[in-house]
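User: I would like a close look at one part of this structure. Please take me through a single residue and its surroundings, then turn to the enclosed space in the model.

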Amino acid sequence: MSGISDITELKRICSQVRRDIIRMTHGAQSGHPGGSLGCTEFFVALYFNLLQHNPRKFSIDGINEDIFILSNGHISPVWYSVLSRSGYFNTKEMSTFRKINSRLQGHPATHEGLPGIRVATGSLGQGLSVAMGAALSKKLNHDDKLVYCLCGDGEMEEGQIWEAVMFGGAKKVDNIIVTVDVNGQQIDGKIEDVMPYGELKPKFESFGWKVLEMNGNDIAEVLETLDKAKSLTGKKQAIAIMMKTEMGHGVDFMRNNFKWHGVAPNDEQAKTALSQLEETLGDY
Amino acid sequence: MAKKFTVIDKKDTRSGFGAGLLELGKTNPNVVALCADLGGSLKMDAFQKEFPERFIQCGVAEANMMGIAAGLTIGGKIPYTGTFANFSTGRVYDQIRQSIAYSHKNVKICASHAGITLGEDGATHQILEDIGLMRMLPGMVVINPCDFNQTKAATIAIAKHVGPVYLRFGRPVVPNFTSPEQTFEIGKSIMFNEGKDVTIFCTGHLVWKSLEACEALAEKGIEAEVINIHTIKPIDETAIIRSARKTGCIVTAEEHQVNGGLGDAVAHVLSKNFPVPIEFVGVKDSFGESGKPEELMKKYGLDSPDIISAVELVMARKRTELAAF
């Protein structure tokens, strides 16, 4: 599929994706709206502009396609929305999110065969290692497409993340672009209160990574930075993007508040939230 | 009883893995090997030398190695991870559970230095719970070969199985007695000796011990059937039930906790299908300790005299329990 680069059009998609997130979590009365809303621009840029992929002919192996792995699997609502809105499965299926007999599990899984998912994630810290392996597989296959991975900043507290960061730097895995959602929040509170681990950028750099930064809620800046990151691949250096976002972005009462990490809106809250988000592509 | 099995030579089963891996490297270009700073101990050096581009040194970071292995399957690679059994299972259980088993990844988890025969390093490294941990995971195949030749054959065979496999082998030099020409069939037990009085179901290093016990029992007039259950999951139910019907009493023998291992798996099959008295040779809910492998096998009740005692006990139970009916 050809990428959309019109900013107005991408913003319209973002609005609909945010509606999907609110409606899915409200419908399930569970799920993680905060991080999903914060990462909406990133996912829309990835799935509607950047990725070279075949949504209607999904294969786990993804040969000659770009691959995306969501390491912080709990923000599944935003992923399910862009997957379905970009053609991986029917948008109606979003109504089954977190319900019995659904392919849209609470955390992403391959077990039910949902197109677009290549590994189960949710138990934190594991997806980055899997993305490293997928990148090595592409190299062995002489496949010049890329592997993209998103992690959370709370997830950076997992030890396995640093094993993978060490590996990516040491082995110069240069066909991967890892983005970290830096929203400063985790379930129990602000990162600076729970585990103030300091700046991420110098940590990655000390392991030999090239690190970019961007405002993840500015779609134009996201496009520009992802393009730049892509231009830096293949240069014997792993690439990371520290993406500053606002948890709950787009819904005023959810903004920048860790309490919306993993809580679903009730009827009234959902109504208020939806009134702030234009229906642009039609609700599922 | 004539000696049915003679020792070809003495070798460590981990070298069987190394030999199998090298052969696979030559025949299957998708096979990739990963290690976590124990490539030498796992005898992966020959593969590394021959196929450096398909050998991934992960450093002392087993969790990341398991994730990388899962990722390599995306694109069709067949990764073989190699480290000690302790670090292949308990240390990385959640990585295996989520990234490999639940995700249906075609990863071969190859685990050396399993059990108490790891020896002098002591209980920190002597995992005796790994079969139990791995057989609980849905879809996981669990294999514990008995000698060099069987380990080599199993290493080659599991490449053809699509799905996660746990292959468990060991450090010590032990009798190598199965055929170098064998074809390894996942899930298919091997009848090593036919008998009528008792069945010994055995796996791993305890298979040779069971054959030793079998010969000693024959001198006492006891005809023991010895069946090698190299695949603990999926287990050969048909063979287990058939033999239990024939002999009416069972001994299981494994270098593992009696909880969770081969004995539990056999008891599960028989309690549902044909309940008979069973005695369990294995480690009895304790950790190991430092020592020479043979000393430890004796101290922890894993030697051939322990199998003989278990046979005598279970045969006595068969007589009294049948009389009680």
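Analyst: What follows looks at one threonine, then at the cavities. Keep in mind that this is a predicted model.

Start with Thr89(B). It sits in a loop of chain B, between α4 (85-88) and α5 (93-101). Is Thr89(B) buried or exposed? Its relative accessible area is 0%. The cut-off for buried is under 20%, so Thr89(B) counts as buried.

Which residues touch it? Leave aside residues up to four places away in sequence. Then Thr89(B) touches Ile96(B), Ile127(B), Asp130(B), Leu133(B), Met134(B) and Tyr166(B). The side chain of Thr89(B) also has a polar partner: one of its polar atoms lies 2.8 Å from the backbone oxygen of Ala85(B). For a wider view, take Val266(B). It is 177 residues from Thr89(B) along the chain, and their C-alpha atoms are separated by 22 Å.

Now the cavities. There are 3 of 30 Å³ or more. The largest cavity holds about 70 Å³ of space. Which residues line it? Among them are Thr13(B), Ala114(B), Asn144(B) and Pro145(B). The lining also includes Arg168(B), Phe169(B) and Gly170(B), as well as Thr203(B), Gly204(B), His205(B) and Glu255(B). By class, the lining has 3 nonpolar, 6 polar and 2 charged residues.

Where does the largest cavity lie? Domain 1 (10-176) and domain 2 (190-324) of chain B both give residues to its lining, so the largest cavity lies between them.

Technical notes: Residues numbered from 1 in each chain as written. Chains lettered and ligands numbered in written order. Predicted model: local features only at pLDDT ≥ 70, side-chain atom pairs only at ≥ 80, totals over all residues. Heavy atoms only, no water. Helix = DSSP H or I, 4+ residues; strand = E, 2+ residues; numbered from the N terminus. Buried < 20%, exposed > 50% of the residue type's maximum accessible area, 1.4 Å probe, protein only. Contact = heavy atoms within 4.5 Å. Polar contact = N/O pair within 3.5 Å; in protein donor to acceptor, adjacent residues only side chain to side chain. 1 Å grid on protein atoms, 1.4 Å probe; cavity = no way out; pocket = protein on both sides within 12 Å on 5 of 7 lines; lining within 4 Å. Points joined across faces, edges and corners; volume = space filled by probe spheres on them. Nonpolar A, V, L, I, M, F, W, Y, C, P; charged D, E, K, R; others polar. Domains from an automatic or database assignment.
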